[in-house]
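Take a look at the structure below. What follows is a short report on its backbone, sheets, open spaces and rings.

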Amino acid sequence: MHGEYKVPGGKLVVVDLEVVDGRIDGFRLAGDFFLEPDDALPRIDAAVNGLPVETDAAGIAAAVRAALPEGAVLLGFTPEAVATAVRRSLARASTWQDHDWEIIHEGPIPPNEHLALDQVLTEEVGAGRRGPTLRIWEWDQPAVVIGSFQSLRNEVDPAGAARYGVEVVRRISGGGAMFMDAGAIISYSLYVPADLVQGMSFADSYAYLDEWVIEALKSLGIEAWYQPLNDITSAKGKIGGAAQKRLGTGAVLHHATMSYDMDGEKMVQVLRIGREKMSDKGTTSAAKRVDPLRSQTGLSRAEIIDRLIATFTRLYGAHEGHVTPEERARAQELVATKFATREWLERVP
């Protein structure tokens with residue numbers, strides 16, 4: 001069995017192993033990481049060999065850590081990364097390069113249709129009717145997208161939303177509210193088979209699925225990194241956040257929103273951003289919470305999107321794709337029967 005795990009912001013960890021009588025056998029660790037002293041590598045191999053196949057990631061990491069000689073230095077990886085690679089090997093997880101990726105970047109559609117498409121395209125990937133896909137959003141009207149479990153009245157000021165003509169919609173994933181002014185943010189969705197993140201913790205999968213974005217931002221001169229659980233940030237402030245929904249069909253929806261040119265004052269008049277949330281972020285001004293990509297790059301929104309697409313294509317290979325007429329029709333049906341209904345919007349009043 002073969003397993004790989006690219007540590008977000010770090011190095012590639014590669015493992016090969018066999019299973020004999022319910023235990024790991026013939027284990028070999030490799031990768032482009034740095035490890036000192038040299039004899040630490042065979043010690044890690046010996047520590048993993050013989051472990052029961054049902055050993056969880058924490059148990060594997062503990063065995064690796066206990067086997068390291070005093071003063072060992074691991075650069076670009078951790079015992080937890082070795083454990084993740086082992087679990088991915090045992091689960092026969094796939095890698096980015098195992099898939100034929102499609103990128104969709106089409107014209108603007110209403111916010112509710114974006115949310116419906118997220119459900120439809122994730123279901124299509126899970127059913128095997130669509131390959132893994134990256135979709136960049138476009139829209140031409142302001143909206144607030146609240147998380148699946150957020151309280152409508154706690155998150156949105158209806159007077160502020162009405163004043164600015166902001167539509168309020170609810171997505172199927174958890175997480176916090178997104179203020180989506182037209183042309184002011186960059187949003188994308190990934191629809192991936194569950195085996196791509198097999199063997200990873202829920203938290204690790206966030207950084208793993210957005211690592212290409214971090215690389216793209218760095219290529220634009222932004223020193224960006226992932227802040228657990230789901231924030232993309234930089235030395236000059238938060239850039240964006242991600243959310244996930246795992247469907248029983250065997251597919252994962254992962255989507256993120258990054259600020260391009262945020263009107264912070266408008267945002268705080270539409271969203272009810274509580275003091276407790278702000279104190280948790282270490283700031284007193286909601287308008288200063290999100291640092292726009294425009295101020296850090298001086299580039300147009302379209303230029304940044306082009307760099308995102310180019311980076312994804314370079315790293316994983318991808319071809320241009322489109323939403324099919326059948327997928328569009330199904331999404332529009334879901335808008336009418338679910339996403340645009342009061343029952344869905346007020347599912348948590």
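Asp21 sits in the loop between S2 and S3. The model is predicted. In it, Asp21 has a positive phi of about 50 degrees, although Asp21 is not a glycine. Most residues other than glycine have a negative phi, and most peptide bonds are trans.

Two peptide bonds deserve a look next. The bond from Glu36 to Pro37 is cis, with omega near -5 degrees. Pro37 belongs to the loop between strand S4 (34-36) and helix H1 (40-48). Another cis bond joins Pro228 and Leu229, and its omega is about 5 degrees. Leu229 is located in the loop between S12 and S13.

**The three-stranded sheet**

Now go back to the strands around Asp21. Three strands make an open sheet in the order S1-S2-S3, with antiparallel pairing. Which strands stand at the edges? They are strand S1 (2-6) and strand S3 (23-31). Each has a single partner strand, so one side of each is left without a neighbour in the sheet. From one strand to the next, the twist averages 20 degrees.

S1 pairs with strand S2 (residues 12-20) over five bridges, in the antiparallel sense. His2 stands opposite Asp16 in S2. Helix H3 (residues 79-90) packs on this sheet and touches S1, S2 and S3. The direction of H3 makes about 50 degrees with that of S2.

**The eight-stranded sheet**

Eight strands form another open sheet. Their order is S12-S13-S14-S15-S11-S7-S6-S16, and the pairing is mixed. S12 and strand S16 (318-320) are at the edges. Each of these two has a single partner strand, so one side of each lacks a neighbour in the sheet. Here, too, the twist averages 20 degrees from one strand to the next.

Look at one pairing inside this sheet. Strand S13 (residues 231-234) and strand S14 (residues 237-247) run antiparallel, joined by four bridges. Asp231 stands opposite Gly241 in S14.

Helices lie across this sheet as well. H4 crosses S7, strand S11 (185-193), S14 and strand S15 (251-259). H4 runs at about 20 degrees to S11. H7 lies across S11, S12, S14 and S15, and runs at about 120 degrees to S14.

The table sets out the helix directions.

| Helix | Strand | Angle |
|---|---|---|
| H3 | S2 | about 50 degrees |
| H4 | S11 | about 20 degrees |
| H7 | S14 | about 120 degrees |

**A cavity and a pocket**

How many cavities of 30 Å³ or more does the structure hold? It holds one. The largest cavity has a volume of about 60 Å³. Its lining includes Ile104, Glu106, His114, Arg135, Glu138 and Arg328. Helix H4 (111-127) and strand S7 (133-136) are the elements that give two or more residues to this lining. Sorted by class, the lining of the largest cavity has five nonpolar, two polar and four charged residues.

The second largest pocket has a volume of about 440 Å³. Its lining counts 21 residues. Which of them lie nearest its centre? They are Val7, Pro8, Gly9, Ala207 and Tyr226. Several elements each supply at least two residues of this lining: S1, H3, helix H7 (202-209), helix H8 (211-219) and strand S12 (224-227). The lining of the second largest pocket divides into 12 nonpolar, three polar and six charged residues.

The elements of both sheets meet these spaces. S1, from the three-stranded sheet, helps to line the second largest pocket. S7, from the eight-stranded sheet, helps to line the largest cavity.

**Aromatic rings**

Finally, turn to the rings. A search of the whole structure finds 12 aromatic pairs. One of them joins Trp96 and Phe312, whose ring centres are 6.0 Å apart. Why is this pair called edge-to-face? The ring planes stand at 85 degrees, and planes over 60 degrees apart count as edge-to-face.

This pair links distant parts of the chain. Trp96 is in the loop between H3 and strand S6 (101-105), while Phe312 is in helix H12 (residues 301-316). The two residues are 216 residues apart.

Definitions and conventions
Residues are numbered from 1 along each chain as its sequence is written. This is a predicted model: local features need pLDDT of at least 70, side-chain atom pairs count only at pLDDT 80 or more; totals for chains, interfaces and linings use all residues. Side-chain values use heavy atoms; hydrogens and water are left out. Two strands pair if DSSP finds at least two bridges between them. Axes are lines fitted to C-alpha atoms, for helices over the stretch in contact, and angles run from 0 to 180 degrees between N-to-C directions. Contact means heavy atoms within 4.5 Å. On a 1 Å grid over the protein atoms alone, a cavity is a set of points where a 1.4 Å probe fits but cannot get out, and a pocket is an open set with protein on both sides within 12 Å along at least five of seven lines; lining residues have an atom within 4 Å of a point. Grid points are joined across faces, edges and corners, and a volume is the space filled by probe spheres set on the points. Ala, Val, Leu, Ile, Met, Phe, Trp, Tyr, Cys and Pro count as nonpolar, Asp, Glu, Lys and Arg as charged, and the others, Gly among them, as polar. Rings of Phe, Tyr and Trp (its six-membered ring) pair if their centres lie within 6.5 Å; planes under 30 degrees apart count as stacked, over 60 as edge-to-face and the rest as tilted.
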